[in-house]
Every structure is written in C-alpha cells, then in structure tokens.
Amino acid sequence: MKKSILLRLGILFLNLCFLINLSKAQTKQWSLDGNTYFVAENNSILKYSLPENTPETFIPSSWLQTPEGRPLAIRDFSFSQDRDKVLIYTNTKRVWRLDTQGDYWVLDLNSKKLQQIGKGLPESSLRFAKISPDGQKAAYVSEYNLYVEDLNSGEITALTTDGNRKLINGTFDWAYEEEFACRDGFQWSPDSKKIAYWQLDANQIRDFYMINNTDSVYSQIIPVEYPKVGESPSPAKIGVVDLSSQKTTWLNIPGDPAQHYLPRMEWNNPDLLLVQQLNRKQNHSKVYAVNVPQNQAEVIHEEMDEAWIDVMSTWDNVYALTYRHRFPWVSEGKEFVWLSEKDGWRHVYRIGLDGKEQLVTRGEYDVINLLHVDEAEGWVYFHASPDNATQKYLYRTRWDGSGEAEKLTPPVWEGTHDYQISPSGKFALYRGQNHYTRSVTDWISLPDHDFLSMGEQMGVSVKKPDDTGMEFFTVTLDDGTEMDGWMVKPTNFDPTKKYPVVFYVYTEPWGANVKDTYGVGRNRLYDGDMAEDGYIYISLDNRGTPAPKGRAWRKSIYRKIGRLNISDQAEAAKQILEWDYVDPERIAVWGWSGGGSATLNLLFQYPEIYKTGISIAAVANQLTYDNIYQERYMGLPQENLEDFIAGSPITHAKNLEGNLLYIHGTADDNVHYANADMLVNELIKHGKLFQFMSYPNRSHSISEGMGTNAHLRKLYTDFLKKHCPPGGI
C-alpha cells in the first residue's frame, strides 16, 4: 500500500512539474537547414545534430558573463537571421500568466562581445526584444512604450512616448492576452526599415479593484483594466512606424475599433501586411491585405459562423514568450495556411493573396494540430484522431488536397502521441503515452517513423496492467449523444459493494478532461490515494468541450453555457447512479474555474443527484467575466440577457440542499473575487448553510504564499471525506 501511495505521489509531482515547466519551457532554436537544434542548459547553449543527436557546446557559459562576472541565467534565447548574433533573455518577471518581462543581452558570435540592451530603462522591464532582420538593431517594449536600439552605437530611440497603463503600445491588455494569447505586440518589417505595432486604448475600460489587505496595515488597491461582458472592448489599432522619420502611420482598417478586435497581424513583404479582424461577437472574420505605402486595406478572406470563429489556431503556442507566425506562409509567400470549420470539421486550407482558397485535408475528422508543411515533397503533417476523440496520432495527406489522410503513428500502443517536427520535415521529437503507460520520448525520422534511439524497443506491444483500476467508457444520452468518460475504480474493487463517486468537471469550450494520457484520473488536490481509500473517480466530456468530434459537437453550447453542459453531465450521472456498485447517497462533484462554475450549477440545479460539491475560483455570475470569452460563447447580454442569467450559478443558488465548499483567491485577476461575495450574499439570503474559504492575495491558481498548496489539499480532502465518506459498503 505504501509503495502505491508513493508511486501516485510521484506521478502527482511529475504532473505538477510538467504544468510549471510548460509556462517556463524554452522553444528549440533550429539551424537554417532544419536538421540541427539548439537548447540552453546550465547557462550554456548546446547544439544537437540529427540523426545522431549528440550534444556539443555551441556557446559556453564563459561567453555569457556580465562585466561583474555574473553568469546569465538563460530563460530563453533566439538567433538573428544571419546567425551572427544571439539574443539572451534573463532576469525575468511574471506579467499576468507568464514571465514576459526581463532583461536582454546580445552576444556577437564573431567578436564574442556581450552587451546588455535597454540600459537606462528600469531593470527587468523589457518585453519581447527582437533583433532586426538585418542584424543591426533591436526593438523592445518597456513600460508600454516601443523602443529601437542601434546595436553598434547603443543609441536608444523611443518610438512612442505616450504609453501608460491605459494607452498600451507594443503589447496588450489583460483580455487580449488571456483570451487571444496576444502578448508580443510588434513586428519588424522584412527590410528592417519599419515596425508594425498594436496600440490599445483602455481609457474607457473601467478598472476592477483587487484589495491587498495583508502586506500593510492599510489596504492597498490593485487596479486592473478589465472589460466585463457587455462592455465595449479596448479600441485597437495598428501603426507602422518608419524608423528613418520615426513617424507612425495608423492603418486604415474599416470598422469601429470599439466594436471589433484585431487579434492577428503579420508582414508578407516590406509593403504588405495581413491583418485579421473579428467583429465583437467573434462570428465574422475578415483577413485584410494592407498596402502599407498606400495605406489601403482589401479583404482577401472572409468567413462567418452562426456561433463563433476560433482565433486560437492550433499552431499558436499560448505559452510563447515572443511572437510566432500567425500566418504560415507557403508558395513563396503567395499563400498562407488557415484552419476553418466551415464544412463541419476543422480542416486545413490554402488561402492565396488573391483570395482563392483550396481545401487541403478532407474527410469527417478534425485536424487537432497543424504540424508541418513539406512543399518540396508535397505533404502536410498534422495531429488527428478520427476514431477516438480521447487519443491523438500523426497523420499526413497530400499538400494539393488529393488523396486520403495517412496514419503514420505505428501500432505500438493506442493513446496520445505528440510530435514536434523539425523545419526540414526529416525529423520529429516524439512523445507517446496512454493512461497505463508512462510517457516515452525519442527522436524519429520521417516519413518512415523510425525511432533513432530506442529502435526495436518501441515495437514491443505494451500490455495493460491488470491492477490500474482505470478504464475509459461511453455514456449514450437519450438523444443519441455519446459522451466519453474515464473512471478509476477503488483498489480491490468489489462489484457486490456500493461505492461513493466523485465527479471531476470542467465542461466549457476551453478544455476537455477525457484524454488518454498517463496520469489522467489522478486528483492533485486529494491528500492521499482516492482509489485505495475507496472512491470511484469519474470525469465526462459533454457537448461544447473542444474534443475532435466536429463543429456541431463543439458549437452546440453557443448561448447555452450553464445549461447544455450541465444537463449533459446530469443525464450521464443519472445513468451512472443506476450502476449496481454506485452508492447514490454519496455523490460528489468538484472543479476549478469553469469547472467550479459547473460544480455550482450541478449542485444547485440537480440537488437530487449531487450531494456534495467543492467549487474553486468559479464564475458565479456570468456577467462578471471578461467580454472576449463570455461574448464569444454566449453572445451580447444586451441582446440575450436571459441566457446569461439562466446559465449563472447564482440564479439557482436558492436550490442548494447538499454540502458545499466554496474556495476563492482574493487576488484572482481572472475570475474576480467579487463572484464569491455575490454568491455568498445570495446563499445567505436564502438561508443556505455552506463552508467558505478565501485565500488572501492568491491568484486564480491559488498557488502563492507559504503553505498554500498543503493547506488547500488538506481542506479539500477533509471536506470530501467528511461529507462523502470513502469505502465500499
């Protein structure tokens, strides 16, 4: 028993480390031929050449010493286009989700000269520094203004001077960053003569005030410009600054900036910019080709959807510290790659600058991630899973749109298989796993999928252990909807006994829980082993979650958050309660963020099913959340307020009958603590008793401060055991 507990705690630790490292992970930097990559290790930069994949020191730590002899701790790095210079990112600070603010140094690989850029500006204040394509200058943002620096003379020029917390140059406000993954807000032109950048005017956006009561005997107010649902967004515009004159020309994009978004922009050539515009409801997308010298914008691609259009393209890295290509160029810049669901499935399209488009992937399946376009050989590589939405595999199809999709992942085992393909398309970093097999990583060659290190070891069939207690299943609703689920049964499960069930939920369009990955089914908040203590642990993905099941599955939740997802979960739970080994009197549910909202709604709307609930950082009132997210999935409250009300947990709080533990951090800039006060007030009004825990100055993750994680785990576990006792009876 002790060995099993230690194993599960080890798994939990590894999963937590993975989540932490995800936000700190560096992007591999590739050589021009795409067969060699570079990574930072121990304050040095190493070079790995494929297929041998043997490391050699490319930049020793001795080259990266400050004048004071202090080694630079490399957080990230990038090369200039000519590969003569390396930009080092260090001494970083967190901005909202990620540490996108810090110091930058430039190493000249020929002279070995190391120089800090941005000297004279506040320490750790630089964001998104990039070396110009000609290698002569660097640009960066500091305190909401855009700067350019001559790398030879060290002369710094402020390209904007009006920036402040409410007028944002070269970066974005909270909502753009959170919901569009927009952080890096400027780009060099290919000829190094101009810089295009965003400016957001948040002057009309009201501040939400967070209160710090712990760091001083007097409370401190922390303002966050935060556009609530129903409020017009921060007007955004894109300017092009000419470096010779330092004059900015604002692009002439049609439409009211306060009723539209500009989430994507990229240079095609020194005179042409592509800009994506979304209307406020985010169901009408236009891609403009902007002739910069003439300042004329022409629509070259347009799409509408009855629900919404996803902007978070599958090649976007929401954890990227600096800009990544939003318009992957092909055909020598005459076309770009795009994803659309307009035929009912998420597919790859080629869009020409002349507006002509061609469907590349065909069939009744979703492209999960676009991985690589090999124009020379005529292939496009992508993740997909046509037969099982809980899994993921490598596929390819012809670049010209002919032929069927070809599965390249060998039948080693079923599960989730991730690939990072080299720019040359000859190699890929492979990671394979499933719920009973630990993650295995190796480099492979393509398209033959030969493993470079493990070889025949990977060809051995992996057999499922008999004692995992983990299984996948489906529930079919009355209307024929099939919901995928996973279940962890108690250790030494006895089908003649009845056990308590704990449901783990999220349910909203931002995430799916049911994935065939190692560690799925582990509850990181439970202090102990749920299976050994005698719980059945279950999670189900309802309609509206982003599973690769087609557009209709994902978009069915439009204007129905808090209703369709909740009824799907409840109907599935009713069937599970009929299983012989389930105790209907010991049914619990828990979730975080959107899952916290679902927990409240399930507990309030279906008190006959759910007896105990633990809700963390929940949106209790949909009218408190940001406009980009909530209006994308729910519409505008000025037009359909009744949907927001019907889907909000606070509307149904009067129906609470079971045991509720509600948890929220008072410094949550994402789901504001005001939700807690509103919900508590409503529950008091109706005489409902419940348990409530606030965590002072903790954010949405409730991870800051000494002892926080241990306290949260103990609180969660004690409440669950008290109100939903474990064990078979």
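Okay, let's start with one residue: glutamate 704 sits in the loop that runs between strand 43 (691–695) and helix 11 (708–723). Keep in mind that this is a predicted model.

So, buried or exposed, or something in between, for glutamate 704? Its relative accessibility is 23%, so glutamate 704 goes down as partly exposed, given that buried would mean under 20%. And what does glutamate 704 touch, once you skip neighbours within four places in sequence? The contacts are Arg94, Asn697, Arg698 and Ser699. Glycine 665 is 39 residues away from glutamate 704 in sequence, and their C-alpha atoms are 9.8 Å apart.

Okay, zooming out to the whole chain. We've got 11 helices and 43 strands. The radius of gyration is 26 Å, and for 729 residues a compact globule would come out near 27 Å, so the two agree. If you want a box, the C-alpha atoms fill roughly 75 × 65 × 55 Å along the principal axes. Of the 729 residues, 58% are buried. Among contacts with a separation of 6 or more, 59% link residues 24 or more positions apart.

On to the surface and the charges. The exposed area is about 30,100 Å², with 49% of that coming from carbon and sulfur atoms. There are 75 positive side chains and 95 negative ones, and the centres of those two sets are 3 Å apart.

Last thing, confidence. Mean pLDDT is 92, with 93% of residues at 70 or more. Over residues 1–25, though, pLDDT is below 50, and that stretch has 30 contacts in the model beyond near neighbours in sequence.

Key
Residues are numbered from 1 along each chain as its sequence is written. This is a predicted model: local features need pLDDT of at least 70, side-chain atom pairs count only at pLDDT 80 or more; totals for chains, interfaces and linings use all residues. Side-chain values use heavy atoms; hydrogens and water are left out. Helices (H or I, at least four residues) and strands (E, at least two) are DSSP runs, numbered from the N terminus. The radius of gyration is taken over C-alpha atoms; the globule rule is 2.2 Å times the number of residues to the power 0.38. Buried means under 20% relative accessible area, exposed over 50%, partly exposed in between (1.4 Å probe, protein chains only). Contact means heavy atoms within 4.5 Å. Accessible areas come from the Shrake-Rupley method with a 1.4 Å probe; for residues, only the protein chains shown count as cover. Lys and Arg count as positive and Asp and Glu as negative; His and the chain ends are not counted. The place of a charge is taken as NZ of Lys, CZ of Arg, CG of Asp or CD of Glu. pLDDT is the predictor's confidence in each residue, from 0 to 100.
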